[in-house]
Amino acid sequence: MFIYTQGHLISCFLYVLVCHVLQTVTGQVSYNVPEEVKQGTTVGNLAKDLSFSVKDLQSRGFRVVSGSKKQYFSVNTETGALQVSERIDREELCAGAPSCSVNLEVVVNSPLQLYRVNINIIDINDNSPVFPMSYVAINVSESTAPGVRFPLESAHDADIGVNSVKTYKLATNDYFSLDVQTHSDKTVSAELVLQKTLDREKTPRLEFTVTAIDGGSPARTGTVMIKVDVLDINDNAPVFSKSLYKVPVTEHVPIGTTVTRLQARDLDEGLNGEIIYSFISRTPQNILDKFDIDAQSGDVRIKGDIDYEENNAFEIRVQAIDRGQVTMSGHTKLLIEVLDINDNPPDVTVTSLLSPVDENAGKGTVIALMTVSDPDSGKNGAVRVRLAGSSPFKLHSSFQNYYSLILDGVLDRENLTEYNITVIAEDEGSPSMSRNKIIQVQVADVNDNAPRFPSNVEYAYLRENSNVGSVICTLTASDADIMDNAHITYSLLQSNVNGTPISALLKVNSLTGEIVSMQSFNYEEIKTFQFKVQATDSGVSPLSSNVTVNVFILDENDNSPGILAPYSEHGSVNTENIPYSAEAGYFVAKIRAVDADSGYNALLSYHVSEPKGNNLFRIGTSSGEIRTKRRMSDNDLKTHPLVILVCDNGEPSLSATVSIDVVVVESTGDVKTPFRHVPLKEENFSDLNLYLLIAIVSVSVIFLLSLISLIAVKCHRTDSSLGKYSTPMITTHPDGSWSYSKSTQQYDVCFNSDTLKSDVVVFPAPFPPADAELISINGGDTFTRTQTLPNKEKVRN
């Protein structure tokens, strides 16, 4: 589904008109996609929706640009399909926002075009309601009266709308009911209501669930466990789970280590059921120096150093006392057995090391020799050796406790220049002890990478008539190798440009890659040429790569306008006759001129240079037509010498002049050029006049719509688009002409409204060259199209 700029009918109509005139197609495509769809799911066919041929996608650089950090979508350039490439979680993207969308930009080249793609993420019911806690504990005295309410914290559902929490449900029980309330903001809360008196002797604890249900289809639920404890008096003593605890402890364990946790149980509730743990008052001092007990948790921890050689066992008596008004206690015995440990780690010694190692070294190359030892005996002295992590190396055991480190894979210095190989020696003691040995192995470079240019094709621009020695561009290649293997020299590959060897036109600095001209270039003779540069490293054997450089010559204003026949003879004075009775606007003559340059350098304007202050004749600035300003009077001269100046629009401007003597004759019979006079008014409104009127109105409307649409496009462009693409510009000129320009092409369209005969001239920018047309609308019913200037764009009548 296509949605054009502004989203309403008038804007779409204006936008279509602008696209037709400016020959650019921009728009917005909108898709809907549910969250959590599988990767690879097709959202829509961009090529089809944007009216592109699938076979042109790769050649035109069809690509998708995302403004977000993750690339949620990608384009299959073989089919044109827009596919999901990352997991889409609406709650992660937009949290609780009512609407959620991802904006993409589609960019294509040749010509450069930009499309906006808006993808609406549709919420699905993929989140269950979640209570703040997994369970709620409620203490209720058995004396609590029925009707008392216990509010519950509301469940949270990350989904929105109908997929959020809608109601609560209580599991069946004999004592509580659930009151569900819906508030003005459409949130839902619940309260437990006690229905009948509790009896602890019959039911000391109640457990049931409350379920939150959302409005999805199918609905999802979240459950919280409700634990109701009935309070009672202190009538039970604490009881340990065992009368004797046996715990083994290794010697020299760290201070603070938990040996065991003693647990006693009291059937009473509240303070009556809270237990305090302690050693009995008659506990020996050596036990108090080495152990303590946490009064709340019953954890027995190490307080001092435990040495098997001093004591191999400890017998400790522990008591548990509740916190009732009248305390009650229980007792148990803890027997701690001290275990001997393996307290000597193995040792690794490297006896030989080969470093650095060439990156092209073969499998089986011996890198290092080493020995291992452990002063312990038995299993505590038996050592196993291995390598930590993954690496292109492995260990090989020559004989007992002697090992060699050998190469078992492929080395690549460009990926990793150094390996820190960790050798782990571990004994078989219980617990086992180990020691790590790090062996550093440097990788030596070999010439296995050719120089690489940033791209296969580079573009350079040079103004015509530039001085010999002008820098055209500087090419830079990179080589992933180092030292001599990465030392790059540049050279030109032999080729010809219009029969001339490239070495006669250009030269390249072998060290810097700087390309300079050997001669001056003329845009009118050569507009573009191509050559190749080779980058070669200094390795053994040397490697190289090529880059193609396209050089475009930029036009300079170095050609003056040339006057066309019949006024083209240099130094001659031309004579034109007009009758004394000529009305204002009488056609005298038309000057035609051309300029060999292009663009603004070839945009010509016509002016009356002499006589100064002339008030009898005028000339069309863009048409070159000479007409009378007023009727003749008796005071006017019979011969009027005029000097017409033809100027181009270059910087600096160049010009040419032509001299015409206008002779006033008494009668129209003396006028030799019968076709000169074109009446300003006609009795009947001809078809041609109707066509001209329609053309003028259409051009005016299109011009105004173009301005409005270009302003709208500019306002809606992102900052990145503004940095990358230049904004189109339309400029009006005093003579009634207007010009449209963009980053790589500029067009000047000139309209003359002085007569019934008008010229529409499109002047392109000097680069890149292509075909253009000059279209003349004559006084008759036919249209004449004449090839004049290089340009790719066509002006269609």
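1. Thr536 has Ser544 of strand 40 as its bridge partner, and in this predicted model that pair belongs to an antiparallel arrangement in which strand 39 and strand 40 (residues 544-554) are held by 9 bridges. The connection between strand 39 and strand 40 is a hairpin, made through 6 residues.

2. Strand 39 (residues 528-537) also pairs with strand 34 (residues 488-492), again in the antiparallel sense, and here 5 bridges join the two. One residue pair can be named for this pairing, since Ser491 finds its bridge partner in strand 39 at Gln534.

3. Leu462 lies in strand 32, which spans residues 457-463. Its relative accessible area is 5%, and because the cut-off for buried is under 20%, Leu462 counts as buried. Beyond its neighbours within four places in sequence, Leu462 is in contact with Ser470, Ile472, Ser517 and Phe521, as well as with Phe552, Ile553 and Leu554. For the last of these, Leu554, the C-alpha atom is separated from that of Leu462 by 5.8 Å, although the two residues are 92 residues apart along the chain.

4. As for confidence, the protein chain has a mean pLDDT of 80, with 82% of its residues at 70 or more. Residues 1-25 stay under 50 throughout, and the model has 44 contacts for them beyond four places in sequence. Residues 673-684 are likewise below 50, with 15 contacts in the model beyond near neighbours in sequence. Where pLDDT is low, the predicted coordinates should not be read in detail.

Conventions: Residues are numbered from 1 along each chain as its sequence is written. This is a predicted model: local features need pLDDT of at least 70, side-chain atom pairs count only at pLDDT 80 or more; totals for chains, interfaces and linings use all residues. Side-chain values use heavy atoms; hydrogens and water are left out. Two strands pair if DSSP finds at least two bridges between them. Helices (H or I, at least four residues) and strands (E, at least two) are DSSP runs, numbered from the N terminus. pLDDT is the predictor's confidence in each residue, from 0 to 100. Contact means heavy atoms within 4.5 Å. Buried means under 20% relative accessible area, exposed over 50%, partly exposed in between (1.4 Å probe, protein chains only).
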